[in-house]
Amino acid sequence: SNGRAYKLQYGQAVLTCFFCVDTNGHLYMDRQEGTFFCHKCRESGNLITLQKHFGDYHKDRPQMNNT
């Protein structure tokens, strides 16, 4: 989890939203699928969405494969 604190709830990681920065645990991330949804700002996506948000997405570089 790249050093971010989180708790497990309903089988998902619950953490501070990467987008609205809400600290009340509204962002739920499925650790197996790599998908997320914030119940406050409604932002959703997957690991590639996060790579793009943080400027770490490079089209020519091999990406993580969730197979």
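From the N terminus on, the elements run β-β-β-β-β-α. That makes one helix and five strands in the chain. The model is predicted. The chain has 67 residues, and buried residues make up 22% of them. It exposes about 5000 Å², and carbon and sulfur atoms supply 47% of that area. Among contacts with a separation of 6 or more, residues 24 or more positions apart account for 13%.

## The sheet

The five strands form an open sheet in the order β1-β2-β3-β4-β5, with antiparallel pairing. The edge strands are β1 (7–9) and β5, each of which pairs on one side only.

Three of the strand pairs are set out here.

| Strand pair | Sense | Bridges | Bridge partners |
|---|---|---|---|
| β2 and β3 | antiparallel | three | L15 and L27 |
| β3 and β4 | antiparallel | four | D30 and T35 |
| β4 and β5 | antiparallel | two | F36 and G45 |

Two of these pairs are hairpins. In the hairpin of β3 and β4, four residues lie between the strands. G34 sits in that turn with a positive phi of about 75°. In the hairpin of β4 and β5, five residues lie between the strands. There, R42 is in the turn, and its phi is positive at about 70°.

Positive phi also turns up in other loops. Y10 is not a glycine, yet its phi is positive, about 55°. Y10 lies in the loop between β1 and β2. Its relative accessibility is 71%, so Y10 counts as exposed. V21 is another residue other than glycine with a positive phi, near 60°. V21 has its place in the loop between β2 and β3. At 54% relative accessibility, V21 counts as exposed because the cut-off is over 50%.

## Faces and core

Which residues of β4 point to one face and are buried? They are F36 and C38. T35 and F37 point to the other face and are not buried. In general, side chains in a regular strand alternate between the two faces of the sheet.

Both buried residues of β4, F36 and C38, belong to the largest nonpolar core. This core has nine residues: A13, L15, C17, F18, L27, M29, F36, C38 and L50. The elements that give two or more residues to it are β2, β3 and β4.

The bridge pairs tie in here. L15 and L27, bridge partners across β2 and β3, are both core members. F36, another core member, stands opposite G45 in β5.

M29 shows the contacts of one core residue. Leaving aside neighbours within four places in sequence, M29 is in contact with Q12, A13, L15, F18, T35, F36 and L50. Of these partners, A13, L15, F18, F36 and L50 are in the core too. T35, also in contact with M29, is the residue of β4 that stands opposite D30.

## The salt bridge

How many salt bridges does the structure hold? It holds one. D22 forms it with K40, and the closest N and O atoms are 3.3 Å apart. The pair links distant parts of the chain, 18 residues apart. D22 is in the loop between β2 (12–15) and β3 (27–30). K40 is in the loop between β4 (35–38) and β5 (44–45). As a general point, side chains of opposite charge can pair when their charged atoms come close.

Is each partner buried or exposed? D22 has a relative accessible area of 7%, so it is buried. K40 has a relative accessible area of 52%, so it is exposed. The cut-offs behind these words are under 20% for buried and over 50% for exposed.

The D22 and K40 side chains are also joined by a polar contact of 3.3 Å. Leaving aside neighbours within four places in sequence, D22 is in contact with T16, C17 and K40. C17 is one of the core residues. D22 therefore combines burial at 7% relative accessibility with a contact to a core member and a salt bridge to K40.

How values were computed: Residues are numbered from 1 along each chain as its sequence is written. This is a predicted model: local features need pLDDT of at least 70, side-chain atom pairs count only at pLDDT 80 or more; totals for chains, interfaces and linings use all residues. Side-chain values use heavy atoms; hydrogens and water are left out. A salt bridge is a side-chain nitrogen of Lys or Arg within 4 Å of a carboxyl oxygen of Asp or Glu. Buried means under 20% relative accessible area, exposed over 50%, partly exposed in between (1.4 Å probe, protein chains only). Contact means heavy atoms within 4.5 Å. Accessible areas come from the Shrake-Rupley method with a 1.4 Å probe; for residues, only the protein chains shown count as cover. Two strands pair if DSSP finds at least two bridges between them. A nonpolar core is a set of buried Ala, Val, Leu, Ile, Met, Phe, Trp, Tyr and Cys residues joined through side-chain atoms within 4.5 Å. A polar contact is a pair of N or O atoms within 3.5 Å; within protein, one must be able to donate a hydrogen and the other to accept it, and residues adjacent in sequence count only if both atoms are side-chain atoms.
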